[in-house]
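This report goes through the charged side chains, the strand pairing and the backbone of one protein chain. The sequence and structure come first.

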Amino acid sequence: MSEIVLSQEYERRTYDPPMPVLDIGISRPGASAPSATVEAEVDTGADGTLVPRDVLEQVGATFVDRAYLRGITGQRQSVDLYLVTLHLGPLRIAGIRAVALPAGEPAILGRDVLNQLDIALIGTAGVTEVHR
């Protein structure tokens, strides 16, 4: 039986229908503890993880590259990629190349991270769980 290491209720105030979210810690590569925490939307349709630029700068994330991203409208746009470590409860996921979003935008946890987790979206209870 797997152990639940993180459990969080869906965000209901801003989203209808409610959105699965997780509080994630973010740090620069090599750091053992997070320097900032943000609420991230759990988005199984997103290829990658996106974090507001001001948070990336706050934690001292390393700029690694420029790339192109296509959103749901199909528009191609140039984006900056930063190397970070993510912290989800006791779990640490290093080597994530996060896309920089404009300040104030919600962070998005994409499949580059989700595919490394044992995660459950329990819609009837409105809860996101991460298991170990």
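## A salt bridge between Glu-11 and Arg-13

In this predicted model, Glu-11 and Arg-13 join their side chains in a salt bridge, with N to O at 2.7 Å. Glu-11 counts as buried, because its relative accessibility is 5% and the cut-off for buried is under 20%. Arg-13 is exposed, with a relative accessible area of 76%. Side chains of opposite charge can pair when their charged atoms come close.

## The network around Asp-80

The whole structure holds six salt bridges. One of the contributors is Arg-53, whose side chain meets that of Asp-80 at 3.1 Å, N to O. Arg-53 lies in helix α1 (residues 53-59) and Asp-80 in strand β6, so this salt bridge ties together parts that are 27 residues apart in sequence. Arg-53 counts as partly exposed at 27% relative accessibility, whereas Asp-80 counts as buried at 12%.

Asp-80 also forms a salt bridge with Arg-66, and here the closest N and O atoms are 2.7 Å apart. Arg-66 is in strand β5 and Asp-80 in strand β6, and the pair links distant parts of the chain, 14 residues apart. Through shared partners, salt bridges join Arg-53, Arg-66 and Asp-80 into one network.

## A buried glutamate without a salt bridge

Which side chain of opposite charge is nearest to Glu-41? That side chain is Arg-13, 11 Å away, and Glu-41 is buried yet has no salt bridge. A salt bridge needs a side-chain nitrogen of Lys or Arg within 4 Å of a carboxyl oxygen, so Arg-13 at 11 Å does not qualify.

Glu-41 is part of strand β3 (residues 36-42). Leaving out residues up to four places away in sequence, Glu-41 touches Tyr-15, Met-19, Pro-20 and Val-21, as well as Pro-106, Ala-107, Ile-108 and Leu-109.

## Strand pairing around β6

Strand β6 (residues 76-88) pairs with β2 in the antiparallel sense over three bridges. Within this pairing, Ile-26 has Leu-86 in β6 as its bridge partner.

Strand β5 (residues 62-70) and β6 also run antiparallel and are joined by eight bridges. Leu-69 stands opposite Gln-77 in β6. The two strands β5 and β6 form a hairpin with five residues between them, and Gly-74 in the turn has a positive phi of about 90°.

Between β6 and β7, seven bridges join the strands, again in an antiparallel arrangement. Val-84 faces Ile-96 in β7. The hairpin of β6 and β7 has two residues between the strands, and Gly-89 takes a positive phi near 60° there.

## Arg-97 in strand β7

Arg-97 belongs to strand β7 (residues 91-101). With a relative accessible area of 42%, Arg-97 is partly exposed. Apart from neighbours within four places in sequence, Arg-97 is in contact with Thr-49, Val-64, Asp-65, Leu-81, Tyr-82, Leu-83 and Asp-112. Ala-33 lies 64 residues from Arg-97 along the chain, and their C-alpha atoms are separated by 18 Å.

## A cis peptide bond

Which form does the peptide bond from Asp-16 to Pro-17 take, cis or trans? This bond is cis, with omega near 10°. Pro-17 sits in the loop between β1 (4-9) and β2 (21-27). Most peptide bonds are trans, and most residues other than glycine have a negative phi.

Terms used:
Residues numbered from 1 in each chain as written. Predicted model: local features only at pLDDT ≥ 70, side-chain atom pairs only at ≥ 80, totals over all residues. Heavy atoms only, no water. Helix = DSSP H or I, 4+ residues; strand = E, 2+ residues; numbered from the N terminus. Buried < 20%, exposed > 50% of the residue type's maximum accessible area, 1.4 Å probe, protein only. Lys, Arg positive; Asp, Glu negative; His and termini not counted. Contact = heavy atoms within 4.5 Å. Pairing = 2+ DSSP bridges.
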